[in-house]
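Q: I would like to learn how to read a model of this kind, feature by feature. Where should I begin?

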Amino acid sequence: MTPNVSVRTYRPRQQASLREERQANPRFNACLSGETRKYIAVVVAVALVAGLAITQFFYGQMMDMRARAEQLRGQNASIYNENVRLLAFRAQLASKTHVVAIAGTKLNLFEPDKGQVRRM
């Protein structure tokens, strides 16, 4: 036989009322005067405002650092492109055809022809 979903276990009324009374009484019962409550409210409000101000300050610092990082990334990319261009230019200057052309114009040095070189 399957019980219905709405079936509950029997609990006497006395036990239930004792549990409710225990839950109703807090363990820490602080009696604070009106001035103390106002002071605590002011301190909590000031702490909240100070916390928000500090959070906004650090957020601004993070945004400034992010902007600076983006700027440095752009500079790094331009330096990298310039380095690649200079390396290509150096490779062109160090090529054999360029060296032979410069030696021929400035120093009048030319590669020997086949008939000029004799091997022994």
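The dialogue below takes up confidence, fold, burial, salt bridges, a surface patch and a backbone angle.

A: Begin with confidence, as this is a predicted model. The mean pLDDT of the chain is 85, and 78% of its residues reach 70 or more.

Q: Which element has the lowest mean pLDDT, and which the highest?
A: The general idea is that predicted coordinates should not be read in detail where pLDDT is low. Here helix H1 (residues 13-24) has the lowest mean pLDDT among the elements, at 56, while H2 has the highest, at 96.

Q: How many helices and strands are in the chain?
A: The chain has 3 helices and 0 strands. Read from the N terminus, the order of elements is α-α-α. Helix H2 covers residues 34-93, and helix H3 covers 96-106.

Q: What share of the residues counts as buried?
A: A residue is called buried when its relative accessible area is under 20%. Of the 120 residues here, 2% count as buried. The accessible surface of the chain is about 12,400 Å², and carbon and sulfur atoms account for 60% of that surface.

Q: Is Gly104 buried or exposed?
A: Gly104, a residue of helix H3, has a relative accessibility of 9% and therefore counts as buried.

Q: Which residues does Gly104 touch, leaving out those up to four places away in sequence?
A: Gly104 touches Leu109 and Phe110.

Q: How many salt bridges does the count come to?
A: The test is a distance: a side-chain nitrogen of Lys or Arg has to lie within 4 Å of a carboxyl oxygen of Asp or Glu. By that rule the count is 2 salt bridges. One joins the side chains of Glu70 and Arg73, with an N to O distance of 2.6 Å. The other pairs Glu82 with Arg85, whose closest N and O atoms are 2.5 Å apart.

Q: Where do Glu70 and Arg73 sit relative to one another in helix H2?
A: Spacing along the helix is the thing to check. Glu70 and Arg73 are 3 residues apart in helix H2, so about one helical turn separates them. In accessibility, Glu70 is partly exposed at 45%, whereas Arg73 is exposed at 51%.

Q: What is the spacing of Glu82 and Arg85?
A: Glu82 and Arg85 are also 3 residues apart in helix H2, which means a separation of about one helical turn. Glu82 is partly exposed, with a relative accessible area of 35%. Arg85 is partly exposed too, at 46%.

Q: Which residues make the nonpolar surface patch?
A: To enter a patch, a residue needs over 30% relative accessible area and no salt bridge, and nonpolar side chains are joined within 5 Å. In this chain Leu32, Tyr39, Ile40, Val43 and Val44 make a nonpolar patch of about 480 Å². Take Tyr39 as the example: Tyr39 is found in helix H2, and its relative accessible area of 59% makes it exposed.

Q: What is the phi of Asn108?
A: Look at the sign of the angle together with the residue type. Asn108 has a positive phi, about 55°, although Asn108 is not a glycine.

Q: Where is the place of Asn108, and is Asn108 buried or exposed?
A: Asn108 lies in the segment after helix H3. With a relative accessible area of 59%, Asn108 is exposed.

Methods: Residues are numbered from 1 along each chain as its sequence is written. This is a predicted model: local features need pLDDT of at least 70, side-chain atom pairs count only at pLDDT 80 or more; totals for chains, interfaces and linings use all residues. Side-chain values use heavy atoms; hydrogens and water are left out. Patches are made of residues with over 30% relative accessible area and no salt bridge: like charges are joined within 9 Å, nonpolar side chains (Val, Leu, Ile, Met, Phe, Trp, Tyr) within 5 Å. Accessible areas come from the Shrake-Rupley method with a 1.4 Å probe; for residues, only the protein chains shown count as cover. Helices (H or I, at least four residues) and strands (E, at least two) are DSSP runs, numbered from the N terminus. Buried means under 20% relative accessible area, exposed over 50%, partly exposed in between (1.4 Å probe, protein chains only). pLDDT is the predictor's confidence in each residue, from 0 to 100. Contact means heavy atoms within 4.5 Å.
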